[in-house]
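Hello,

Here is the structure I promised to pass on to you. Have a look at it first, and then read on for my notes.

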Amino acid sequence: MSDDRKLDELNLEVLSSTARALSDEDAFDDMVASWDKRLSVSPKQEKDGNLKKLISNLQDMMQLFVSKQRSALDEDISELVNHENSPSAIFSLSLKPVYQNKAWREMWTNVDASGPTMDMLYPDDQAKLSKIIKADKDSPDAETKCLVRILVEDEDTNFCLVSRVSGHSGDDCLHFAELSIGWSAELASLITEAYDVTEAECDVAKLVMKGARPEEIAEQRGSSVATVRKQIQSLLTKCGVSSQVELAQNLSLVANNLNKPSGPMVYEWTDPWKAEKRIIRPGGHILAYSEAGIKGGIPVLIVHGEGIGYALPEQLHRHAQKHGWHLYAIQRPGHGNSDIAENETGFDASCAAIAHLCNAIIGKAAVIIAMHSSIPVVLKLLHEGTIKASHFSALNSVLSLHGDVEKKLPPVQRAWFRMARVSRKAAILATNAGWVLLKKNGIEWYLERYFSDNPADLATTKKTENRELLRSAAAMMLRQGPAALIEDILHYVEPAAKYLPMSDTKISIIFGTLNPLFDKSIVAALQASNPDITVFGIEGGGELIAYSHTTEILEFITKTMSHE
Amino acid sequence: MNESFEDRSESVSDAALETELIEKSYLSLGDGEAFDDMLASWTHRLESIKDPNAIELETPKLKKHLNILKPLLEQFSDAISPDSFKQHIVAAQGPAALATPDGRVVCTNPKAQVEWDLWTGKKSEFDLFVKEASDDWIALKRSASGAGNRMHGILKMRSAAHENSFCIVSVIAPSTGYGRLLKIEKISFQWSNQMADLLETSFDFTASELDICQLLLGKPVLKQVAEVRGSSLATVKKQVRTIFSKTGTKSQIELVRLLSSLSSQLNPKVPEMVMSWHDPLDREFICNGENGDRIAISWMGAENGRPALLVHGPMTGNLLPAETDEMLRDQGIKLYLLSRPGFGNSSNSLNSCAVAAGSHAIGVALDHLGIDRCCLIGLVGGIIPAAHYAATNPNRVSGLLSLGSCFPIPQIKDRTHLPYHHRAFLGLVKYAPLVSEFLVRHAHRGAKYGGAEFILRRVYRDSEIDRRVLFSPEILPYSFAAVSLLMANGYETFLKDQSLLIYPWDRLLPKIGVPIVTIAGEKDPVFPLSQQLAIASQYSNWQIVKAENGSQTICFSHVEQVHKIMTEMILRAG
């Protein structure tokens, strides 16, 4: 078989397995395998027209991914809230927030209070909700829905329809849907044309629909009650109804009809620290970060890696309180609520964002704790002197993934890394297929795949206390789509080892001894490259040491700092 | 040496073509454009073969991929044609319909079929609104025909007095260049058992309180609630106050809003579209053949007129325009409209080919109707089973009239003039049945999920004239009805009908003694006039009448010419 034909065959395998992967999780593994095989054949991709053709074919298929994504989403519990224009949210059975839509978040002006606690409910309703929560879900007559009233910040009563729904991996969740049909610009323009109402009448109609009395309307509009009554009368005539109640109902009918699913779906994510701040970084993009710990204490900046790392276990916050740390956690561009520009690479954007946070917000040399893919970014900034750090701790980085290290990667990660390097487009396409399944099967599915070759980390992901955190961490990464993940993988292309020798920053590299990428030779090489580097191997730890060995890591960092 | 080298190079290019085909097939899952690319690849592949009989088109590799592809077709059904007429109707929760400015239905959803008795192709007065709304309705209809700019209306419905229900009527242009249509969508809040249960358990409502809530949701007027319940206004007011205190609401508006929102939360599911055929003329009846097969027949024209039978083609539908109906009535002609086996409500006879089954159905119909002898009219390909019947039952047919050209094209060499996608479909049906099935299922899926226009645009892609006719607002309902007739029984009908056009009916022609008249479109790209003339000239009884600037849809575009020849032929007979 000629080389060309062999490549053609491999291309077909990729195409075929990708198509299947969209609906079948077993085929997802085939897809990864076929990519791995395809990319092992021709390492000199730049000149490879054949690969270009494959990528262009896959790109044509993008259409399919996009539409399929939408239908896979229908089964996802987050869809229940994303589709709604009115406030809607998913909570765990212990009333911890899982997903919230924009309208829900806007309902609560106080950031800390974004969910119903039992004392926000009428006493009667508490019992109703408990009944739903405690219901035996296997029993056929179990009640799965109830109506409750929530007191939102001393204002009006909000009715919520609560439904118990099954979430991923067998956990049940509670879906809260606030019962209101809202006013919209669309509704205003429709009734203006259909009923030929004036602008003032339209305004009055909006208030009538909200249930305001003529006196209240007059006060709000700064007009007389008589004028308002005249306007209401005119509205009733034009709309062909006989009372304000009927008018309100008719407007609700029309509004309900306009309440169609909105725009493209994104994963909703909220800062688990509940302390998010948003600023504009140079270039006009939103940069989101959170602060915690002791104000004015030792500045400690935490920079997350690919997906895992923002949420971090509670020990971090206790440790910060005890040792007087002022914690900062950045959401790197493309993750969480930080924007990335279309023409920016993830690496450059991360550099710009971290530099801005360090220099404009923190304002002095901080302790920087960076994880995984963000390590090369911080090293480069330190190396170039863009930022200053009093101490730098790198959690589990192999710095870059060239040569021998690449070969050691588990197959899934290797295929992705190679794809990302060969073609961002191809990698994004393949990630899209995974994305569809992820939305269908939940974040646990992703974690299980990602750590499939790593029993220590797999065990960490399964621990109940970590699940909510990991789910939040993954959602942060996924919120902005597959491209962000690929950008992060590409951080490893940076020759980070080159930046290691630095005169004025102490560096500690902390790794899990079970992380397959760290072997003695790498550790020795790291130590040899710079006498200021301390290497700390955590026995029995894998990639997720930030979760499995939080206390050890924090104590090690504190000890190293006090030596300085 | 030289020869073997050539052989190898050919096999390499075969393999490359095959790879391309498979690639295109995967891509075609995604959208309609890629579907067309796939057909082009197939035409290319078929044309590269000198003797299709001597080559294995369906290689094990191709078969393997077809097996992977087939189940994916259904899974990615929502991946096609986001901009479709149907979308406007599918998205509706209540009854909804799309109609032409003169009130002919283009498409409906299942609720509209039940609640309003509206079917694709049917003409309706849309007598749904209260008197006061009729001005709005007229203004909107005027806008739809291009003589106004009122685009939206909220029209009160003439339904039962205890329900507030409205229609949002919008003038829409579903596709650029094809005129405007009216979208009529009912909006109302639905009471459900689930809603009753929920209110009962949440607020401890009594039966009469629930009843009041249901009435208030329908129409929030206390006087009417009292009337319907046969109690006094004071009693109802007292009960409503209890409802206020049980729910924690403070006013009627708040209560009504709670009920409305709850109803809208509990009814989010949009009903599925079902493929079915309903005769828009409401005249269909079924006659049963000896083998238990069912043949559906409808009719146009004069109830007791002189009979004739219309046989439709694969894509034509069996309806003629309303003017033809009137003309036939005036001329005293009763034109029976047959649904061929597998189409509409006629059962699919699995064991015979489309031509034999069609011909058999003609016989069953004539026997059932007690017609000894009459004129058979074929719409394009419909002339083929009609010719088969005329050749095998010479004394029961007085003449054959074909509306639109059609001549035998059994061999690949006869089809070189065809647009490429027709060539691909017709070529594969004989040489690669598995592929043919895949393509047909693909197209069927396209029409099922992407709307009738998915098929219409492809079948008529090389004929601007036909597309203009079929998508013009007046004809659109007939075009959609034609696709429903074809789709009603699944993709098998479509698959089977592929063999109709490649049937070698030139063998039958010498056996037909009665006059054959074809009204041939001057610009028909599928059956070009020059070829139609050349073939007809071999038979003394085959007369061709040219329809100037016409193509395949002359029954809609050349109504007067059709009327003249049709009456002549039917009335001359016997």
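**Two sheets, a helix and some buried loop residues**

Leu98(B) has Lys183(B) as its bridge partner in β5(B). Please keep in mind throughout that this is a predicted model.

That bridge belongs to the pairing of β1 (residues 96-99) with β5 (residues 181-187) in chain B, which is antiparallel and runs over four bridges. Both strands sit in an open sheet of five strands, ordered β2-β1-β5-β4-β3 in chain B, with antiparallel pairing. At the edges stand β2 (105-108) and β3 (152-156) of chain B; each has a single partner strand, so one side of each has no neighbour in the sheet. From one strand to the next, the twist averages 20°. Helix α19 of chain B, residues 476-487, packs on this sheet and touches β2 and β5 of chain B. The direction of α19 is at about 45° to that of β2(B).

Now for the other sheet I looked at. It is open too, with eight strands in the order β6-β7-β9-β8-β10-β11-β12-β13 (chain B), and its pairing is mixed. Here the edge strands are β6 (285-288) and β13 (542-547) of chain B, each pairing on one side only. The twist in this sheet averages 25° from one strand to the next. If you would like a place to start, try the end of the strand order: β12 (residues 516-521) and β13 of chain B pair in the parallel sense over six bridges. Within that pair, Ala520(B) has Lys546(B) of β13(B) as its bridge partner. Helix α21 of chain B (residues 529-536) packs on the sheet, touching β12 and β13 of chain B, and its direction makes about 160° with that of β13(B). Another helix, α14(B), lies across β8 (306-311), β10 and β11 (397-403) of chain B and runs at about 165° to β11(B).

For an overall view of chain B, there are 23 helices and 13 strands. The chain has 574 residues, and 62% of them count as buried. Its C-alpha trace spans about 100 × 65 × 50 Å along the principal axes. Of the contacts in chain B with a separation of 6 or more, 69% are between residues 24 or more positions apart.

One helix makes a nice example of a buried and an exposed side. In α9 of chain B (residues 222-229), Leu222(B), Val225(B) and Ala226(B) are buried. Seen down the axis of α9(B), the buried residues fall within an arc of 100°, so they line one face of the helix. The general background is that an α-helix has 3.6 residues a turn, so residues three or four places apart point the same way. What do the buried residues of α9(B) pack against? Their partners are α8 (207-218), α10 (233-247) and α11 (252-266) of chain B. On the face turned away from the buried side, α9(B) carries the exposed residues Lys223(B) and Glu227(B). Just after the helix, Gly230(B) takes a positive phi of about 65°.

Two residues that are not glycines also have a positive phi: Phe126(B), at about 50°, and Val380(B), at about 45°. As a rule, most residues other than glycine have a negative phi. Phe126(B) is in the loop between α5 (110-115) and α6 (134-144) of chain B, and is buried, with a relative accessible area of 3%. Val380(B) is in the loop between β10 (374-379) and α14 (383-392) of chain B, and counts as buried at 8% relative accessibility.

In chain A, I would point you to Arg332(A), in the loop between β9 (325-331) and α13 (346-362) of that chain. Is Arg332(A) buried or exposed? Its relative accessible area is 0%, so Arg332(A) is buried. A polar atom of the Arg332(A) side chain lies 3.4 Å from the backbone oxygen of Gly305(A). Among the residues that Arg332(A) touches are Glu306(A), Ser338(A), Asp488(A) and His491(A).

Finally, the two chains meet: 58 residues of chain A are in contact with 60 residues of chain B. The area buried between them is about 5,200 Å², with carbon and sulfur atoms giving 62% of it. On the chain A side, Leu12(A), Gln249(A) and Leu253(A) lose the most area to chain B, together 12% of what that side buries.

Enjoy exploring it!

Best wishes

Terms used: Residues numbered from 1 in each chain as written. Chains lettered and ligands numbered in written order. Predicted model: local features only at pLDDT ≥ 70, side-chain atom pairs only at ≥ 80, totals over all residues. Heavy atoms only, no water. Buried < 20%, exposed > 50% of the residue type's maximum accessible area, 1.4 Å probe, protein only. Arc of directions from axis to C-beta. Contact = heavy atoms within 4.5 Å. Pairing = 2+ DSSP bridges. Axes fitted to C-alpha atoms, helices over the stretch in contact; angles between N-to-C directions. Polar contact = N/O pair within 3.5 Å; in protein donor to acceptor, adjacent residues only side chain to side chain. Buried area = accessible area lost by both parts, 1.4 Å probe.
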